[in-house]
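Student: Got a minute to look at a model with me? I'd like to start with the pockets and then move on to how the chains meet.

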Amino acid sequence: MKGRDTILSIRDLEVTFKVRDRQLKAIRRISFDLYRGETLAIVGESGSGKSVLMKSLTGMLESNGTVSGGSIRFFGEELAQKKKPREWESIRGAKIATVFQDPMTSLNPVRTIGSQIVEVMMKHQRCSRKRAKQLAIELMERVGISEAAERFDAYPHEYSGGMRQRIVIAIALACRPQILICDEPTTALDVTVQAQILNLIKQLQQEEGFTTIYITHDLGVVANVADRVAVMYAGQIVEYGEVEEIFYESAHPYTWALLSSLPQLGQKGERLFSLHGTPPSLYHDIVGDAFAPRNQYAMRIDFEEEPPFFEITPTHYAKTWLCDPRVPFFKRPKAIEGLHQKMVMIYQGGNVSGNREERSFSFNSRS
Amino acid sequence: MGTEKKEVLVSIRDLEIKFDEYVAVSNVNFDIYKGETFSLVGESGSGKTTIGRALMRIHETSKGDIFFKGKKINQKVGARLHKELIKKMQMIFQDPAASLNERATIDYIVSEGLRNFRLYKNETERQQKVREALLSVGLLPEHLTRYPHEFSGGQRQRIGIARAMVMEPEFIVADEPISALDVSIRAQVLNLLKKLQQEKELTYLFIAHDLSVVRFISDRIAVIHKGKIVELAEAEELFLNPLHPYTKSLLSAIPIPDPRLEKNKKLVVYTGEEHDYSEDLPKWKEIKAGHFVWANDAEEKRYRMQMKIG
Amino acid sequence: MQDSRFEFVTVDARVAEEIEAPSYSYWQSVSKQFFKKKSTVILLLLMVVIILVALIQPELSGYDPMNSPNINRPEMRFRGISLQYPYGTDGVGNSVWDVVWAGTRTSLLVGFIVACINTSIGVVVGAVWGFSKAIDKVMIEVFNIISSVPYILIVTVLLYTFGRGFWQLILAMCLTGWLSTAYFIRTQVMIIRDREYNLASSCLGTPMLRLVSRNILPYLLSVIMTNVSLEIPAAISTEVTLSFLGIGLNVAVPSLGRMINQYANYFNGYPHLFWAPVLTLALVTISLYVIGQTLADASDPRTHR
């Protein structure tokens, strides 16, 4: 844990959108560090600000949005002050690349796959067209496109959704970025393809050593890829920690709610835990804890004062008054007690038939 | 679900659906029993939605039969049967943003079906029915004059459910009703569907792409791949004893929301090359009571062996 | 010591279902959005004034193209701009001011009547056309044949058949004019016909006519507005063009087109005679177009949020 190498450091970041004469605070004072080589997953529902946060790292905010406060330091360079597209050129795509949910939005439908990779290659690696083509084919093979040389001249629509996403990943990696942002990269794909793409990104990360930020709402994907997890709610990070800390020892009631409403935990004939209501409107100033109106564990103070981050372990922090020593005794929701044992029961339990080998899991104890 | 006395509500026999020359769905056979939740699980393009829509008579079929309460419904039906089918069979759609008429009030949307067949004696009764439907899905009567865009995704989906419920149906096709919703809202909608099923003795055909979601709400699950149902069994049976290699691959692919399990699982990849159907052709076979699989004779033998060991 | 601020409270789940925002009303939002744009409001006021003057002024002046009382008074010809004759007088001693307003009245009437008829027929036919595959097969052939002949040519031929005159012109312009609107609506209907909310309606047994009137047409309101805002100026220019060419209206009906034709002869000596109808025409068509476009934008609910 100690002596980790920070490559991106965000402090008190604020992003404001101007919508019809009204100010919408999409990001409300967020701070976090990104460590070299790790995979950080940012979890949150739509409107929590997770995508806005990522866009602010690459200068891709919509024209009515601005970084209105705080700093983003990337290798000693301040990104929060960058305004013009030209200032972003050396960062976006080159050092921080993004893979989006829908591969079609990143590909030009009227140009061949090959020419799109070659273009990026030539721009960022400053090599000849011939060399770029060679490199592009190698890269296509590395992202799992078989017969890459033949498929080089195909158009995006001739590729399946999964293959298109592989190409988007190839383009993102063409300039050897230090950070790869994956914005719901598999949401539009089928589960079997999703699993392959997740594995591909992991494998490439091991080979290339880049750092990955995942944005997702799928806790299964988080469990698959993340080293660390940050949970976002209403424009803020409310809890962050190592992946096992978040799944097995979560401390924020919103994280509890997300975990306990997992349909996998459902028991026949019983209700699933469900959150009522909707996230607060970010047009208004939020007093106290933004989650309070939906919180089963709400206390009076939650409606009056915004909680600070409480340290649970040196790697695990939660922004909730429930961690305050003055809180009376309470129990965490039953649904998430012994989550791991429950999951083992659900996915392995009673598995007495002969096909165990296909779904065998080995259990490492926590390191 | 007791397996003793099962009343068949919907019955599909040798169904085939073509779009021009392309066969979207073929060799589909299953029954849905009254009061159960039958899930149809598959990936995009597998034909699961097509089957649901054929049941709702939105798509025409090219071969085979669909029966509802013993009456064939995949053909031109008379006005009386049409009215009865609309009342008894309803649908819940995937995308709450796209499935509501944005230019109509909630009052109009929820009472649309009632108006079409004048299923009320007077205006007071209509209003009464609409209010009850709204309350049953946890919305407030004061929402009646609002427009869909004023609601959140979860609320919209509940409006869609109220619109179906007001018809007092017996059978509901729920086409991926939670996949477009935020994770924190999904449980709420699942609970609601479950609650309504208990209160109103509903039968569901639940169409989904995520096996793990379906497990907790389904009585039986059918897995569909490229237009063919490859396996059908009771929910727990399917999870514990998956037979078809595609089912296994699908099960292994779903990310488990548990880092220790998920980070150590092995992927099973299905290519279709597992089968040798050059001479020995596959058929729809019952390997064990209620556990069907699309297999040829050689595979059937192997599957039976597997079961015995278990 | 227990801190009272750290006591658990229960939150009411019902509260979360309430909608804070004030109730939405479509037409209120449309008018709010429309009147937001100052330039359009000015053009709208201008248009109202033009319409009122065009309706009233010719009644007061009693201008009649068949009767030029000053034709034998040479001193009345080509008078300069004055208070009594704001646009001066023309070669037969008529006040150009009177002639322009009489012509404007004809143009506006033609524009509004033709756009009204063409849009009504076009929308109704287009909506059914877009919905029914059987009708589409026939209609698309009809459309292909008729749209391959230039519109102005069809109107000219029809005018020769019917004879020249105000209502003849309107009939000629409407007989095939609705077809392009219908085709446009048909395409729009096809785009939204298979959307999920329409499937939902058919699952509820909604008959086709109600599907068209409640599900489809409300969505098309804004594109219909756009169409109308193009249709009115287009009809006006067609009338002017035809009259300019001498085949539109007969000489008994005052027309901007014929004025432009006649006054173009005096362009070298008295250019203001030419510019008066031309600028009036430009002002009318541009204002109508801008107002229509703003209304079209305002009637699109996406601009309401």
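**Pocket, interface, cavity**

Tutor: Sure. H8(C) gives the most to the lining of the second largest pocket, 4 residues. Keep in mind that this is a predicted model.

Student: Okay, how much space lies in that second largest pocket?

Tutor: About 1400 Å³. Of the 31 residues that line the pocket, the closest to its centre are Arg57(B), Ile58(B), His59(B), Glu60(B) and Ser202(C).

Student: And which elements give two or more residues to the lining?

Tutor: From chain B, strand E1 (8–19), helix H1 (48–55) and helix H2 (79–88). From chain C, helix H8 (196–203) and helix H9 (208–245).

Student: How do the lining residues divide into nonpolar, polar and charged?

Tutor: 13 are nonpolar, 9 polar and 9 charged.

Student: Let's switch to the interface. How many residues of chain C are in contact with chain B?

Tutor: 27 residues of chain C, and they touch 39 residues of chain B. The area buried between the two chains is about 3000 Å², with carbon and sulfur atoms giving 52% of that.

Student: Which residues in chain C lose the most area to chain B?

Tutor: Glu17(C), Glu196(C) and Leu204(C), which together account for 25% of what that side buries.

Student: What does Glu196(C) form a salt bridge with?

Tutor: With Arg53(B); the closest N and O atoms are 3.9 Å apart. The rule finds 1 salt bridge across the interface of chain C and chain B.

Student: How many residue pairs are in polar contact there?

Tutor: The count between chain C and chain B is 12 residue pairs, with both residues at pLDDT 80 or more. On the side of chain C that touches chain B, H8 and H9 of chain C are the elements that give two or more residues. H8(C) has the largest share, with 7 residues.

Student: What's the breakdown of that side by class?

Tutor: 14 nonpolar, 6 polar and 7 charged residues.

Student: New topic: closed spaces. How many cavities of 30 Å³ or more does the structure hold?

Tutor: 10. The second largest cavity has about 70 Å³ of space.

Student: Which residues line the second largest cavity?

Tutor: Among them are Trp256(A), Phe273(A), Leu275(A), Phe291(A), Arg294(A), Tyr297(A) and Pro333(A). Pro253(A), Ala257(A), Ser260(A), Asn295(A) and Gln296(A) are in that lining too.

Student: And by class?

Tutor: That lining has 8 nonpolar, 3 polar and 1 charged residues.

Methods: Residues are numbered from 1 along each chain as its sequence is written. Chains are lettered from A and ligands numbered from 1 in the order in which they are written. This is a predicted model: local features need pLDDT of at least 70, side-chain atom pairs count only at pLDDT 80 or more; totals for chains, interfaces and linings use all residues. Side-chain values use heavy atoms; hydrogens and water are left out. On a 1 Å grid over the protein atoms alone, a cavity is a set of points where a 1.4 Å probe fits but cannot get out, and a pocket is an open set with protein on both sides within 12 Å along at least five of seven lines; lining residues have an atom within 4 Å of a point. Grid points are joined across faces, edges and corners, and a volume is the space filled by probe spheres set on the points. Ala, Val, Leu, Ile, Met, Phe, Trp, Tyr, Cys and Pro count as nonpolar, Asp, Glu, Lys and Arg as charged, and the others, Gly among them, as polar. Contact means heavy atoms within 4.5 Å. Buried area is the accessible area (1.4 Å probe) that two parts lose on being put together, summed over both. A salt bridge is a side-chain nitrogen of Lys or Arg within 4 Å of a carboxyl oxygen of Asp or Glu. A polar contact is a pair of N or O atoms within 3.5 Å; within protein, one must be able to donate a hydrogen and the other to accept it, and residues adjacent in sequence count only if both atoms are side-chain atoms.
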